[in-house]
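This report covers helix packing, annotated spans, aromatic pairs and cysteines. Please look over the model before reading on.

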Amino acid sequence: MLGYSTIIIPGYLLISYFKRTNYLETGSGICYPVIRTCVFGSEAKTGLLDDVSVASRNEGESSSSVKQAIKLIFCAAGLQASYLTWGVLQERVMTRSYGATTPEEEGEKFKDSQFLVFMNRILALTVSGLWCIMFKQPRHGAPMYKYSFASLSNILSSWCQYEALKYISFPTQVLAKASKVIPVMLMGKIVSRKSYEYWEYFTAVLISVGVSMFLLSSTTGKHPSTVTTFSGVVILIGYIVFDSFTSNWQDNLFKYKMSSVQMMFGVNLFSCLFTVGSLLEQGAFFDSLAFMTRHSEFAFHAVLLSVCSACGQLFIFYTINQFGAAVFTIIMTLRQAIAILLSCFLYGHAVTLVGGFGVAVVFLALFLRVYARSRMKSGRRSAQPLAQKV
């Protein structure tokens, strides 16, 4: 946090100074275009909290339901594939040793997870930057500093997630992760002033209950419960708040009519600044590079991990752009249940009665959500001709 503060505090003071001195109208010189892009943006906007819809999502709503369903399946499949592979690779890198030539040797373990975050972000930044150069993108209007909010909240939510595991029981973890859809919707009302229908809240609660039932009945035996402490609850609340804010803030930034790749570039730019600043101050950056040069297998795994992370980010931003933060959170909530369900089918594990009922509740909630959305769309279409006649 001290490392991040050395970047955040000077940045905040500079932005406040430029806004206070009205630099947009009085400034000039070589640095003027850079400062205008970073602090003020390229287009006049009335603010992030205005009720302006995203153009791409409006286009999506007007397209056929079949096309939207195919898009949603594509996003869900891409997210599952990217992050399931990412999870397997991350476990390999952080738990196994490198450099052992015989079974008796212990080898050397890599310990700095923040360097892996930096590797993931720098590759994603490079890919998105090259994409923006090679292919024509929409005119960028958002002030660059606004991306730092999503970047910092994402880093803090990851830290809270890992730290909370030390102080809370497994059932508490499951209930918190399965119930993330509801905090995301509430955060959407605060950040974006969104309004949700009653059936959206109802289906979100049903999904949370169903996933919780399935996960608790299928995996409690593998994870012995520990005592849930007050500190653990506070950190867990921090994780839920930061995680809910990240997806909603990204969803809100799409009001500037940017592409998913532009969003990816902006968020990863600040993530790289935060992580490399912290690594340099701790002296861990060059130690990690030395570890990478000593073990070529680790270098290969780190690059592969970064590729999975970059692909996953593309699917994240595309899903949020097309369907919003709440739908994205539902897909990620179902990821754990899908992984366990696949394991049951592949390895012949039995699904308990409670777990089966939980799966049925989840499918019922998804069916109700699709049905209510289609009814709402058909109601809008029938209302439009009446309005034209009047």
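Helix 6 passes helix 12 in a left-handed crossing. The model is a predicted one. Helix 6 covers residues 113-134 and helix 12 covers residues 260-282. The two pack at an angle of about 145 degrees. Their axes lie 8 Å apart. By class, the contact of helix 6 with helix 12 holds 15 nonpolar, 9 polar and 1 charged residues.

**Annotated spans**

An unreviewed UniProt entry places the feature "transmembrane region" at residues 115-135, 198-217, 223-242, 263-286, 298-318, 325-348 and 354-372. Two of these spans, residues 115-135 and residues 263-286, are among those listed in that record. Their computed values follow.

| Span | Helix | Strand | Distance between end C-alpha atoms |
|---|---|---|---|
| Residues 115-135 | 95% | 0% | 30 Å |
| Residues 263-286 | 96% | 0% | 29 Å |

**Aromatic pairs**

The structure holds 18 aromatic pairs. One of them joins Tyr98 and Phe291. Their ring centres are 6.2 Å apart, and the planes stand at 90 degrees, an edge-to-face arrangement. Which parts of the chain does this pair link? Tyr98 sits in strand 1, residues 97-98. Phe291 sits in helix 13, residues 284-294. The two residues are 193 residues apart, so the pair links distant parts of the chain.

Are these two residues buried or exposed? Tyr98 has 1% relative accessibility, and because buried means under 20%, Tyr98 counts as buried. Phe291 has 4% relative accessibility and also counts as buried.

Phe291 has a further partner in Phe298. The centres of these rings are 5.0 Å apart and their planes meet at 85 degrees, so this pair is edge-to-face. The cut-off for that class is over 60 degrees. Phe298 is buried, as is Phe291.

These rings belong to a wider group. Tyr98, Phe110, Phe115, Phe118, Phe285, Phe286, Phe291 and Phe298 form one aromatic cluster.

**Cysteines**

How many disulfides are there? The count comes to 0 disulfides, with a pair of cysteine sulfur atoms required to lie within 2.5 Å. Two cysteines can be described by their accessibility. Cys38 is partly exposed, because its relative accessible area of 34% falls between the 20% and 50% limits. Cys75 is buried, because its relative accessibility is 0% and the limit is under 20%.

Technical notes: Residues numbered from 1 in each chain as written. Predicted model: local features only at pLDDT ≥ 70, side-chain atom pairs only at ≥ 80, totals over all residues. Heavy atoms only, no water. UniProt positions renumbered as here; feature names shortened; annotations may be inferred. Helix = DSSP H or I, 4+ residues; strand = E, 2+ residues; numbered from the N terminus. Phe/Tyr/Trp six-rings, centres within 6.5 Å; stacked < 30°, edge-to-face > 60°. Buried < 20%, exposed > 50% of the residue type's maximum accessible area, 1.4 Å probe, protein only. Axes fitted to C-alpha atoms, helices over the stretch in contact; angles between N-to-C directions. Left-handed = near helix turned anticlockwise from the far one by under 90°. Nonpolar A, V, L, I, M, F, W, Y, C, P; charged D, E, K, R; others polar.
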